[in-house]
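The following exercises are to be worked with the sequence and the coordinates at hand. Each task is followed by a solution in steps.

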Amino acid sequence: MNVVIYANHLIRSGYPAMRQTAETILRCRRAQEADAQFCMPIKEILTLIPEG
């Protein structure tokens, strides 16, 4: 059986995304632009949480 794990790629791609979001917040002095450009909507995030 062959298994490939891409967890390292997920971690490595997460940092640039967080940095870009932080830079946008600092540049605009608020989160609205970063929220609209980079963030998942809360409604979409809630669909990922299993109902218990």
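**Exercise 1. A pair within a helix**

In which helix do Glu-23 and Arg-19 lie, and how many residues apart are they? Determine also how their side chains interact and how accessible the two residues are.

Solution. The model is a predicted one. Step 1: both Glu-23 and Arg-19 belong to helix α1, and they are four residues apart, which corresponds to about one turn of the helix. Step 2: an α-helix has 3.6 residues a turn, so residues three or four places apart point the same way. Step 3: the two side chains form a salt bridge, with 3.0 Å between the closest N and O atoms; the cut-off for such a pair is 4 Å. Step 4: Glu-23 has a relative accessibility of 40% and therefore counts as partly exposed. Arg-19, at 47%, is likewise partly exposed.

**Exercise 2. The salt bridge count**

State how many salt bridges the model contains, and characterise the one formed by Glu-33.

Solution. Step 1: the count comes to two salt bridges. Step 2: one of them joins Glu-23 to Arg-19. Step 3: another is formed by the side chains of Glu-33 and Arg-30, with an N to O distance of 2.6 Å. Step 4: Glu-33 has 26% relative accessibility, so this residue counts as partly exposed. Arg-30 is also partly exposed, at 42%.

**Exercise 3. The length of helix α1**

Compare the expected span of helix α1 with the distance between its end C-alpha atoms.

Solution. Step 1: helix α1 covers residues 7-28, which is 22 residues. Step 2: at 1.5 Å a residue, a span of 32 Å is expected. Step 3: the end C-alpha atoms are 32 Å apart, so the two values agree.

**Exercise 4. The residue after helix α1**

What sign does the phi angle of Arg-29 have, and is the residue buried or exposed?

Solution. Step 1: Arg-29 follows just after α1 and is located in the loop between α1 and α2, the latter being residues 32-38. Step 2: its phi is near 60°, a positive value in a residue other than glycine. Step 3: for comparison, most residues other than glycine have a negative phi. Step 4: the relative accessibility of Arg-29 is 76%, and the residue therefore counts as exposed, the cut-off being over 50%.

**Exercise 5. Two distances**

Relate separation in sequence to separation in space for Val-4 with Ile-45 and for Asp-35 with Thr-24.

Solution. Step 1: Val-4 lies in the segment before α1, and at 56% relative accessibility this residue counts as exposed. Step 2: Val-4 and Ile-45 are 41 residues apart in sequence, and their C-alpha atoms are 27 Å apart. Step 3: Asp-35 is placed in helix α2 and is partly exposed, at 47% relative accessibility. Step 4: Asp-35 and Thr-24 are 11 residues apart along the chain, with 9.5 Å between their C-alpha atoms.

**Exercise 6. The chain as a whole**

Describe the fold, the dimensions and the surface of the protein.

Solution. Step 1: the secondary structure consists of three helices and zero strands, in the order α-α-α from the N terminus. Step 2: the radius of gyration is 15 Å, whereas a compact globule of 52 residues would have a value near 10 Å. Step 3: along the principal axes, the C-alpha atoms fill a box of roughly 50 × 30 × 15 Å. Step 4: 6% of the 52 residues count as buried. Step 5: the accessible surface is about 5200 Å², and carbon and sulfur atoms contribute 61% of that area. Step 6: the mean positions of the 6 positive and 5 negative charges lie 10 Å apart.

Definitions and conventions
Residues numbered from 1 in each chain as written. Predicted model: local features only at pLDDT ≥ 70, side-chain atom pairs only at ≥ 80, totals over all residues. Heavy atoms only, no water. Helix = DSSP H or I, 4+ residues; strand = E, 2+ residues; numbered from the N terminus. Rg over C-alpha atoms; globule rule 2.2 N^0.38 Å. Buried < 20%, exposed > 50% of the residue type's maximum accessible area, 1.4 Å probe, protein only. Areas by Shrake-Rupley, 256 points an atom, 1.4 Å probe, with all protein chains shown as cover. Lys, Arg positive; Asp, Glu negative; His and termini not counted. Charge placed at Lys NZ, Arg CZ, Asp CG, Glu CD. Expected span 1.5 Å × (residues − 1).
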